[in-house]
Each structure stands twice: as C-alpha cells, then as structure tokens.
Amino acid sequence: MKKITSHENKIYKMCLQLESRKYREKWGRYIIEGPNLIEEALKNNIVPDFLILDETAGRRAEITGLCERYAAELGKAGEENILIFEEQLFASCAKTENSQGVMGIVQKNSVAEDSFFEAERQGNGNILVLDRLQDPGNAGTMIRTADAAGYAGIIILKGTVDIFSPKVVRACTGSLFRMPLLFSDSPEQTIQLLKKHGKRVVSTGFETDKYYYETDLKNHIGLVIGNEGNGICEVFKKHSDEVVKIPMSGSIESLNASVAAAILMYEAMRHG
C-alpha cells in the first residue's frame with residue numbers, strides 16, 4: 001500500500017477528472033464507491049485499476065478483507081495498486097454523502113455488436129433501448145430492473161445520460177457490471193441493428209390504442225423507453241413494429257419512466 005498526500009499525485013488528479021463525462025470518455029474509466037460495489041465488480045471479473053482508501057478505512061475488517069481479495073486478483077501489482085489518500089484528498093474525490101472509505105477506478109464495460117448479440121442468446125433475447133433518458137436515477141433503475149427481469153442487454157442511444165456517472169452507477173447497484181451494453185449513434189442505427197438480429201421493435205407511447213398486455217413481450221423484442229419529457233423520438237414512432245401504452249385511471253397522464261419500464265419488462269417474466 002502507498003500513502004498519497006500530494007494534490008499533484010496523478011491518480012488523485014485522475015479521480016478528480018473522472019467526475020466529468022468528458023474525462024470518463026477520454027480515459028474509458030469511471031469511479032465506483034463503497035465495499036458493496038467493489039465486491040460486486042470483483043464477483044463479475046471486473047478488477048479495478050486502483051483501489052483507493054481513506055486513512056481510517058484500512059482498520060476495518062470488511063475493508064481489509066476486500067483489499068486482500070483485490071491484491072490476490074492482481075498478484076504482485078495488487079499491493080502497489082492499493083492507495084491510501086489522506087483525509088482531505090479522499091473527501092474531495094468521494095461523491096457519496098456518507099462515504100464508506102473505499103473507491104475504485106474501473107474500466108468501462110461496453111461491448112461490440114457481435115459480442116452483444118452473442119451474449120443475448122442465453123436469455124429471453126429481449127433488449128432494453130434507452131432513448132435519450134436524462135434522469136440518472138431512472139437510467140440506473142432501468143438497468144437494474146432489466147438485469148432482474150432477465151433482459152439480455154441494453155442499447156444506449158446518443159443523448160442519453162452518461163450511464164457511468166456516479167448517480168447512475170449507484171442506482172444500478174452492481175447490474176452495470178453484469179449487463180452487456182451497446183452504444184448507438186442514432187435511432188436509425190438502433191432499428192437497423194435490432195431488425196438485423198431478429199428483434200421486434202416495441203416502443204412506448206400515448207398515440208396508440210394498443211395496451212402492453214395485448215401484445216407478446218415474452219422474447220426477442222427491443223423495448224424502447226423514451227425521454228422523460230418528450231417520449232420516444234419520431235423515428236421510433238414511425239418504424240417500430242408496435243407502439244404500446246399502459247392503462248391509466250383518473251386524471252393521471254403518465255408514470256415515471258422507470259416504473260413504466262419495469263411493468264413492461266416484467267410482462268416477459270409473467271409469461272415466462
């Protein structure tokens with residue numbers, strides 16, 4: 001283990017930079033905080049480049065055990081890649097209100113098209129598509145729900161909130177490490193990919209007479225969830241195989257996006 005006391009340390013500077021989407025994209029890295037997330041990462045064969053502790057964390061048995069496992073994963077480099085930041089340095093990098101004294105720098109885990117659709121063959125073949133979602137909590141909750149509902153992967157369209165931002169990472173609670181991720185530049189590219197791989201494109205919207213339970217959502221669909229304020233884009237409205245809605249009672253016009261997504265994703269499990 002190495003103690004870091006200088007603001008000029010390159011790993012400390014990287015931690016500060018990784019607060020920004022610009023640098024997360026530049027370095028292909030992001031930060032995870034807390035022993036639970038780091039434990040989940042290790043369980044899913046995602047080994048942080050560096051494990052960073054505050055000055056007091058190393059005295060807790062839970063953190064000591066985590067450090068030992070991390071060191072074992074890296075072999076000789078393990079001890080060298082465990083850094084102890086002095087209190088002020090660690091506090092300036094931590095993004096949770098009550099930090100648990102440990103964080104890790106990890107590589108992003110997106111995959112190429114072939115690998116993405118190869119992986120999805122093992123499940124129900126359903127894909128979640130995030131169309132310009134903006135709320136970090138919604139995006140993270142949807143990723144977590146997709147994992148729980150047996151979805152095979154997630155396509156993230158350009159314009160969607162950065163799913164490697166701290167709030168999304170926390171909301172995912174580890175599902176980000178398990179779910180195959182594919183990034184798409186446009187709705188047109190997304191539709192082309194889904195249809196190329198035999199998926200029915202099912203979008204959510206209000207301009208339809210069809211309720212979600214009137215169609216088959218069991219397998220091999222691309223489920224498109226649109227922007228919280230504007231819904232799905234015009235391209236998805238025009239080129240989806242089906243647009244479905246959730247029934248509403250009284251004066252309620254819409255549900256929270258993550259709640260609506262959960263209802264639709266669990267329809268596959270209900271019929272599974």
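In the predicted model, helix α8 meets helix α13 through Asn-138, Thr-141, Met-142, Thr-145, Ala-146 and Ala-148, and the residues of α13 on the other side of this contact are Ala-257, Ser-258, Ala-261, Ala-262, Met-265, Tyr-266 and Met-269. By class, the contact of α8 with α13 consists of nine nonpolar and four polar residues, with no charged ones. Helix α8 spans residues 136-148, and its axis lies 9 Å from that of α13, at an angle of about 10°. Angles under 35 degrees count as roughly parallel, and α8 is therefore roughly parallel to α13.

A second packed pair is formed by helix α3 (residues 35-43) and helix α4 (residues 61-74). The axes of α3 and α4 are 11 Å apart and make an angle of about 25°. Helices α3 and α4 are therefore also described as roughly parallel to each other. The crossing of α3 past α4 is left-handed. On the α3 side, the contact is made by Pro-35, Asn-36, Ile-38, Glu-39, Leu-42 and Lys-43. These residues meet Glu-62, Ile-63, Leu-66, Arg-69, Tyr-70 and Glu-73 of α4. The contact of α3 with α4 contains six nonpolar residues, one polar residue and five charged residues. Charged residues thus appear in the contact of α3 with α4, whereas the contact of α8 with α13 has none.

Helix α13 also takes part in the largest pocket, where it gives the most to the lining, with three residues. The volume of the largest pocket is about 530 Å³. Its lining comprises 25 residues, and those closest to the centre are Thr-204, Gly-205, Phe-206, Gly-231 and Ser-254. At least two lining residues come from each of β11 (242-244) and α13 (257-270). Eleven residues of the lining of the largest pocket are nonpolar, ten are polar and four are charged.

The second largest pocket encloses about 240 Å³. Among its 15 lining residues, Arg-21, Glu-25, Ile-156, Lys-158 and Phe-183 lie nearest the centre. Helix α2 (21-27) and the strands β7 (153-157) and β8 (181-184) each contribute at least two residues to the lining of this pocket. The lining of the second largest pocket divides into six nonpolar, three polar and six charged residues.

Apart from the pockets, the model holds one cavity of 30 Å³ or more. The largest cavity has a volume of about 110 Å³. It is lined by 14 residues, with Ile-31, Ile-32, Glu-33, Lys-95 and Pro-166 closest to its centre. Two or more residues of this lining are given by β2 (29-33) and by α9 (166-172). Strand β2 gives the most, with four residues. In the lining of the largest cavity, nine residues are nonpolar and five are charged, while no polar residues are present.

Key. Residues numbered from 1 in each chain as written. Predicted model: local features only at pLDDT ≥ 70, side-chain atom pairs only at ≥ 80, totals over all residues. Heavy atoms only, no water. Axes fitted to C-alpha atoms, helices over the stretch in contact; angles between N-to-C directions. Parallel < 35°, antiparallel > 145°, perpendicular 65-115°, else oblique. Left-handed = near helix turned anticlockwise from the far one by under 90°. Contact = heavy atoms within 4.5 Å. Nonpolar A, V, L, I, M, F, W, Y, C, P; charged D, E, K, R; others polar. 1 Å grid on protein atoms, 1.4 Å probe; cavity = no way out; pocket = protein on both sides within 12 Å on 5 of 7 lines; lining within 4 Å. Points joined across faces, edges and corners; volume = space filled by probe spheres on them.
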